[in-house]
Amino acid sequence: MRIPSLPAGDYKLVVATKSALGEEKTLERDVKVKAEPKVLLVTDKPLYQPGQLIHIRALCLGAFDLKPVAESKLVFEVEDSKGNKVFKREQQTTVHGIAAVDFQLASEVNQGEYKVRALLGDKLAEKSVTVKPYVLPKFKTNP
């Protein structure tokens with residue numbers, strides 16, 4: 001079944017059958033079409049130390065056809081563990097539906113779960129990352 005590219009709104013869905021015996025309208029229903037795009041939001045890793053750089057990227061695809069949402073306004077936001085909005089940047093998606101931004105953490109920051117968001121119109125994608133100091137394990141290698 002092909003779904004036509006329609007703007008969001010209320011429509012009437014009609015199912016009609018056609019055979020050698022003739023045509024018949026078998027079903028008629030009111031439907032609501034939502035054209036929300038799909039947004040995949042990723043960061044380069046799940047755990048950051050204060051002072052590190054967070055690489056954020058989003059892929060935006062159409063709801064029905066999964067074609068790139070090209071040259072559209074996408075807003076990136078980062079909220080710290082206490083609910084303070086510490087970063088907001090507007091980017092334009094590429095012809096491939098991709099937008100990316102980097103966020104530099106300060107060396108003295110609130111530690112805990114940070115919320116990373118991408119807003120494409122009314123569509124919100126959200127991801128959590130942790131910010132806290134950590135020590136990498138030590139290991140030896142033999143030549």
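Start with Phe76: in this predicted model, Phe76 has Ala118 of strand S9 as its bridge partner. That pair sits within a longer run of contacts, since S6 (73-79) and S9 (112-120) are joined by 5 bridges and run antiparallel. As a reminder, strands of a sheet pair through backbone hydrogen bonds, either parallel or antiparallel.

Now step back to the whole sheet. It is an open one made of 5 strands, and reading across you get S4-S10-S9-S6-S7, with mixed pairing. At the edges you find S4 (47-48) and S7 (85-92), each of which pairs on one side only.

Phe76 turns up again when you look at the packing. The largest nonpolar core holds 23 residues, and Phe76 is among the four that touch the most other members, along with Leu41, Ile56 and Leu74. Who else feeds this core? Two or more residues come from each of S3 (38-43), S5, S6, S8 (98-104), S9 and S10 (123-131).

Finally, follow the chain through the loop between S5 (53-61) and S6, where Leu66 sits. Have a look at the backbone there: Leu66 isn't a glycine, yet its phi is positive, at about 55°. Glu71 lies in the loop between S5 and S6 too, and its phi is also positive, near 50°, again in a residue other than glycine. Is the Glu71 side of things buried or exposed? Glu71 counts as exposed because its relative accessible area is 54%, and the cut-off for exposed is over 50%.

Key: Residues are numbered from 1 along each chain as its sequence is written. This is a predicted model: local features need pLDDT of at least 70, side-chain atom pairs count only at pLDDT 80 or more; totals for chains, interfaces and linings use all residues. Side-chain values use heavy atoms; hydrogens and water are left out. Helices (H or I, at least four residues) and strands (E, at least two) are DSSP runs, numbered from the N terminus. Buried means under 20% relative accessible area, exposed over 50%, partly exposed in between (1.4 Å probe, protein chains only). A nonpolar core is a set of buried Ala, Val, Leu, Ile, Met, Phe, Trp, Tyr and Cys residues joined through side-chain atoms within 4.5 Å. Two strands pair if DSSP finds at least two bridges between them.
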